[in-house]
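Colleague: Before we discuss this protein, could you put the model in front of us, so that I can ask how its labels were earned?

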Amino acid sequence: MTLTTQAAERAYRSAQGEAHMHSVLTVDENARLNWLPQELILFDGCALNRSLSVDMADTSEFLLVEPVVFGRFAMKERVQSGSFQDRIEIRRCGKPIYFDALSLHGYMAAHLKGRAIGQGAGAMASIVFASPRAEAHLEIVRSLLSTQGGASLLRQDLLAIRIVAEDSFELRKSLLPILDRLTGNALPTSWRL
């Protein structure tokens, strides 16, 4: 099964309070789930706390992409400040195999300029592929990455990829070949528009 969105998600300026979004997925025995939402666009002044929790069976496979865009570059919009918390937890047979958390508060643009965080990036994506076939994709995925991305085999069945880019257009240029590879050229049409 492949789940995607028809368009980008948006987190607009918050007048007060924080929006919360929590998604829970279960991938049963001998099943494969591709979680492929399009970009989340953060706008200046946003306040979003989201999390994704995935429970996998022993023989299941899971592909995830979570692209985030910090303002619309083509519209000359950049996120200066706001709050964004993002957490991803993946468990296989109840045991944790992947945990990732991001927390940006206050002057997000200044944080993103940091060399260890984003080097001035306006967009980023995390990709995780949990599958017995993960290791077979490592070298090919690395060859598809620009200098602003990296791929690691965290364990024999778990491939993690992180990409940063100047804007959403550059991010998609990096993402599409990798997602084509990991989906067996079955990327949803909405990703091609």
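**Labels and their reasons**

Modeller: This is a predicted model, and one residue to begin with is asparagine 30, which counts as exposed at 67% relative accessibility.

Colleague: What makes asparagine 30 count as exposed?

Modeller: The label exposed requires a relative accessible area over 50%, and asparagine 30 has 67%, so it counts as exposed. The residue lies in the loop between β3 (19-27) and β4 (32-36), and its phi is positive, at about 60°, although asparagine 30 is not a glycine.

Colleague: Which label does cysteine 93 get, buried, partly exposed or exposed?

Modeller: Cysteine 93 counts as partly exposed, because its relative accessibility is 49%, and that label covers the values between the limit of 20% for buried and the limit of 50% for exposed. Cysteine 93 sits in the loop between β8 (82-92) and β9 (95-106), and its phi, near 55°, is a positive value in a residue other than glycine.

Colleague: And why is cysteine 46 called buried?

Modeller: Buried means under 20% relative accessible area, and cysteine 46 has a relative accessibility of 2%, so it counts as buried. Across the 193 residues of the protein, 50% carry that label.

Colleague: How many disulfides does a search of the whole structure find?

Modeller: The search finds zero disulfides, where a pair of cysteine sulfur atoms would have to lie within 2.5 Å to be counted.

Colleague: What can you say about threonine 189, and why does it count as exposed?

Modeller: Threonine 189 is placed in the segment after α3 (168-183), and because its relative accessibility of 61% is over the 50% limit, it counts as exposed. Its C-alpha atom is separated by 9.2 Å from that of glutamine 6, although the two residues are 183 apart along the chain.

Colleague: Turning to the whole chain, how many helices and strands does the protein have, and why is it called as compact as a globular protein of its length?

Modeller: The protein has three helices and 12 strands. Its radius of gyration is 16 Å, and the globule rule gives 16 Å for 193 residues, so the two values are close and the protein is as compact as a globular protein of that length. The C-alpha atoms fill a box of roughly 45 × 35 × 30 Å along the principal axes, and among contacts between residues at least 6 apart in sequence, 73% join residues at least 24 apart.

Terms used
Residues numbered from 1 in each chain as written. Predicted model: local features only at pLDDT ≥ 70, side-chain atom pairs only at ≥ 80, totals over all residues. Heavy atoms only, no water. Helix = DSSP H or I, 4+ residues; strand = E, 2+ residues; numbered from the N terminus. Rg over C-alpha atoms; globule rule 2.2 N^0.38 Å. Buried < 20%, exposed > 50% of the residue type's maximum accessible area, 1.4 Å probe, protein only. Contact = heavy atoms within 4.5 Å.
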